[in-house]
Amino acid sequence: MTKPRALVTGASRGIGAAIAKDLAVAGHPVIINYRENDVAAEAVKSTIEDSGGVASLAKFDVGDHAATNEAIERLLAVDDNPIGVLVNNAGVSRDNVFGMMHCYCRKQVHQHWCWNVFPQSWPDR
């Protein structure tokens, strides 16, 4: 029996890459989501495939709702094997005191917290 596909956001490096590799070892075809770094994402994909796993790339910014919806629709349309595992690992790393960050960086950090962290504490979840 084929295991469901696993979508790992932020999987081109760090913890996301490690999780993607572990899921592939466990037999899941892995979808490597990333925002910018094509080289790093390709390296994770190659590592998985070199170990006998199945991997594909999905470049989109999970902070962009329209792009995310479009990408998910595309991913669901290209394969009969469902996405049965979601690892929501993508995040924003801006190493500075919040008040000293450039306004663009502050906006990214604020959006990340509003969309990914605060909703987890809402009582209706």
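Colleague: How much area does the chain expose, and what percentage of it do carbon and sulfur atoms supply?

Modeller: This is a predicted model, in which local features need pLDDT of at least 70 and side-chain atom pairs count only at pLDDT 80 or more, while totals for chains, interfaces and linings use all residues. Residues are numbered from 1 along each chain as its sequence is written, and side-chain values use heavy atoms, with hydrogens and water left out. By the Shrake-Rupley method with a 1.4 Å probe, the chain exposes about 8,100 Å², of which carbon and sulfur atoms supply 55%.

Colleague: In what pattern do the helices and strands follow one another along the sequence?

Modeller: Taking DSSP runs numbered from the N terminus (H or I of at least four residues for helices, E of at least two for strands), the chain has four helices and four strands. Read along the sequence, their pattern is β-α-β-α-β-α-β-α.

Colleague: Which helix gives the most to the largest nonpolar core?

Modeller: A nonpolar core is a set of buried (under 20% relative accessible area, 1.4 Å probe, protein chains only) Ala, Val, Leu, Ile, Met, Phe, Trp, Tyr and Cys residues joined through side-chain atoms within 4.5 Å. The largest has 15 residues, and Val-8, Ala-20 and Leu-23 are among those with the most contacts inside it. At least two residues of this core come from each of strand 1 (5–8), helix 1 (14–25), strand 2 (30–34) and helix 2 (38–50). With four residues, the one that gives the most is helix 1.

Key: Buried < 20%, exposed > 50% of the residue type's maximum accessible area, 1.4 Å probe, protein only.
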